[in-house]
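Me: I would like to go through a structure with you, one residue and one helix at a time. Shall we begin?

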Amino acid sequence: MNKVQCTGVDDTYLGLVWQKVVPLLTPALGDGDTIENVLTQLFLKKAQLWIGADEQNIHVACVTEIIHRGGRKYCNVWLAGGTGVNNWLWYLDTIEEWAKAQDCDAMLIDRARTGWKRLLSQYKNDHIVTGK
């Protein structure tokens with residue numbers, strides 16, 4: 001894999017990348033989520049799209065949202081999907097810096113898969129959701 005460059009996507013460029021990020025984001029959709037709703041939230045500026053790409057392909061897509069819970073403001077990593085996690089995971093630092101500039105108190109990944117725990121050792125589990 002070539003060097004992956006990561007960046008936030010301005011909504012004026014969504015049309016250029018959307019069809020390429022849909023297959024990356026779709027597996028991360030949770031109950032009640034639709035890919036159409038994600039696109040709507042992006043156009044309404046209620047969510048932010050981030051991508052990691054090299055010269056040929058987009059390898060990762062991530063959608064964040066600013067949420068308020070318990071009197072605190074969070075940047076939540078709502079959806080993330082892609083390949084070659086070790087080639088782009090470092091970019092989470094840039095998203096964290098962006099979140100600070102938005103006056104967020106903390107970061108959340110409220111639907112992280114269990115494998116993320118070992119990759120993000122600086123994050124702690126606040127709660128676990130278990131279903132049947």
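Me: Is T64 buried or exposed?
Reply: T64 is buried, at a relative accessible area of 0%; buried means under 20% and exposed over 50%, with partly exposed in between (1.4 Å probe, protein chains only). This is a predicted model, in which local features need pLDDT of at least 70 and side-chain atom pairs count only at pLDDT 80 or more, while totals for chains, interfaces and linings use all residues. Residues are numbered from 1 along each chain as its sequence is written, and side-chain values use heavy atoms, with hydrogens and water left out.

Me: Which strand holds T64?
Reply: T64 lies in β3, residues 58-69. Strands (E, at least two residues) and helices (H or I, at least four) are DSSP runs, numbered from the N terminus.

Me: Which side chains make polar contacts with the T64 side chain?
Reply: That of Q48 does so at 2.7 Å, and that of W50 at 2.9 Å. A polar contact is a pair of N or O atoms within 3.5 Å; within protein, one must be able to donate a hydrogen and the other to accept it, and residues adjacent in sequence count only if both atoms are side-chain atoms.

Me: Now helix α3: which of its residues are buried?
Reply: In α3 (residues 92-101), they are L92, I95 and A99. They line one face of the helix, because they fall within an arc of 55° seen down its axis, the arc being that of the directions from the helix axis to the C-beta atoms.

Me: And what is on the face turned away?
Reply: That face of α3 carries the exposed residues E97, K100 and A101.
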